[in-house]
Amino acid sequence: ALGWLRSKGLAVAANLHDAEGINPWEERHAAAAAAMGQPNASGQLALRLTSKEYVFALEDVVLRPREEEGMRFWWIDWQQGETQGGTGQDHRPDGKMNPTVWTAKARVTDSLRRCRTGGGCSDLRGVTLSRWGGLGQHRYQHGFSGDVAGLTWANLAYQAYFSATASNVNFGFWSHDLVGPGSDPEMYVRWLQLGSLSGIMRMHDRGLSAGGCMPWPDSDSACSTVEPWDVPRAFYEAAASALRSRASMLPYIYTQARAAFDSGLGLTRPMYYYHPEEQGAYPSSKEELLGQVPSTRQYYFGRDLLVAPVTAGGECVRANATRP
């Protein structure tokens, strides 16, 4: 299947929960145990990122065969916090180091390490999609901000502010869950529109689109909406327009991504980068800090596009852009 997808020019990624270690039911468990010098190990091989034997067994014995089949990169989903992995943070509030940055570095630099140590060379550039691993994580873009805490207009507005200001620490390529409550297709479309003007456009159901929930409009709680065709016709047309707009901007996005590589400027940029004299561009209250006013949630998308996202519902609503 991976080979077929690759033949179609598609890059495939898989989600990893590294904290679960290497388990006996995994196909490569025995080979990984042998590579670690534990050929008789029958239980879980616990995550230990400060062990070269563990890391190299994980990267080269467990993951590399999948990469050779066509897995292009890994989505590092570290949702277990900062208390595992042996990276010096375990139960030490004075010395935390998030394991995410360790796993991200390993996977971005695997091909270089293998080439230098006789393990085979590749012209593929390392890339990961991962949660935030702390300052320094900007070396290993791209970002996954985690499951949305709640599908609300306020959280949608905050994501616009968050993405732009993340460029202040050189992390200018965030992705957010593009999803909406099944009972509110308008909010879903607005989330999709924001995503079409973000560093990374990624849809994710955050675990709410299946199971015991009832699809809209049969239930007020409803399943979450992820697929753009799973909404009434008028909203589908707006969603499709956002997707086509994103596709049409690929040459511009590619050019601005190259500029980000050369300069360090993220793809999403706060207003004060270009208008430092505008006091309204700087948050001066909690509401402004959370992107709840137009002047702090609008941003530049690359050098030439000013984005003023719509983050409120209503039959007749327009973006309230602040013009410097």
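**Entry 1: a ring pair in H5**

I started with Tyr-158 and Phe-162, which both sit in helix H5, 4 residues apart, or about one turn of the helix. The model is a predicted one, and I kept that in mind throughout. In general, an α-helix has 3.6 residues a turn, so residues three or four places apart point the same way. I looked up the ring geometry next: the centres of Tyr-158 and Phe-162 are 5.9 Å apart and the planes make 55 degrees, so I logged the pair as tilted. For that label, the angle has to fall between the stacked limit of under 30 degrees and the edge-to-face limit of over 60.

Are these two side chains buried or exposed? Tyr-158 comes out partly exposed at 32% relative accessible area, and Phe-162 is partly exposed as well, at 23%.

**Entry 2: another pair, in a loop**

I then turned to Tyr-272 and Tyr-282. Their ring centres are 5.0 Å apart with the planes at 5 degrees, so this pair is stacked. Both residues belong to the loop between E8 and H9, and they are 10 residues apart. I checked their cover too: Tyr-272 counts as buried because its relative accessibility is 17%, under the 20% limit. Tyr-282, with 30%, is partly exposed.

How many aromatic pairs does the whole structure hold? My search found 11.

**Entry 3: the rest of H5**

Back to the helix. H5 runs over residues 153-165, and its 13 residues should span 18 Å at 1.5 Å a residue; I got 19 Å between the end C-alpha atoms, which agrees. I listed its buried residues, among them Trp-153, Leu-156, Ala-157, Tyr-161 and Ser-163. What do they pack against? I noted strands E5 (174-175), E8 (268-270) and E9 (299-301), along with helices H6 (185-196), H9 (286-289) and H10 (294-297).

**Entry 4: the aromatic cluster and Trp-174**

Following the ring pairs, I found a cluster made of Trp-132, Tyr-158, Tyr-161, Phe-162, Phe-171 and Trp-174. I picked Trp-174 for a closer look. Trp-174 is in strand E5 and is buried, with a relative accessible area of 5%. Leaving out residues up to four places away in sequence, I listed what Trp-174 touches: Trp-132, Gly-143, Phe-144, Ser-145, Phe-162, Ser-163, Ala-166, Gly-199 and Ile-200. That list includes Phe-162, one of the two H5 rings I began with. I also took one C-alpha distance: Trp-174 to Gly-195 is 9.9 Å, for 21 residues along the chain.

**Entry 5: Trp-132 and a surface patch**

Where does Trp-132 sit? I placed it in the loop between strand E3 (128-130) and strand E4 (143-144). Trp-132 has 33% relative accessibility and so counts as partly exposed. Besides being in the ring cluster, Trp-132 joins Leu-135 and Val-169 in a nonpolar surface patch of about 290 Å².

**Entry 6: whole-chain numbers**

Last, I jotted down the totals. The chain has 10 helices and 10 strands. Of its 324 residues, 44% are buried. Among contacts with a separation of 6 or more, 68% are between residues 24 or more positions apart. I put the accessible surface at about 16900 Å², with 54% of that belonging to carbon and sulfur atoms.

Technical notes. Residues numbered from 1 in each chain as written. Predicted model: local features only at pLDDT ≥ 70, side-chain atom pairs only at ≥ 80, totals over all residues. Heavy atoms only, no water. Patch = residues over 30% accessible without salt bridge, like charges linked within 9 Å, V, L, I, M, F, W, Y side chains within 5 Å. Areas by Shrake-Rupley, 256 points an atom, 1.4 Å probe, with all protein chains shown as cover. Salt bridge = Lys/Arg side-chain N within 4 Å of Asp/Glu carboxyl O. Buried < 20%, exposed > 50% of the residue type's maximum accessible area, 1.4 Å probe, protein only. Expected span 1.5 Å × (residues − 1). Contact = heavy atoms within 4.5 Å. Phe/Tyr/Trp six-rings, centres within 6.5 Å; stacked < 30°, edge-to-face > 60°.
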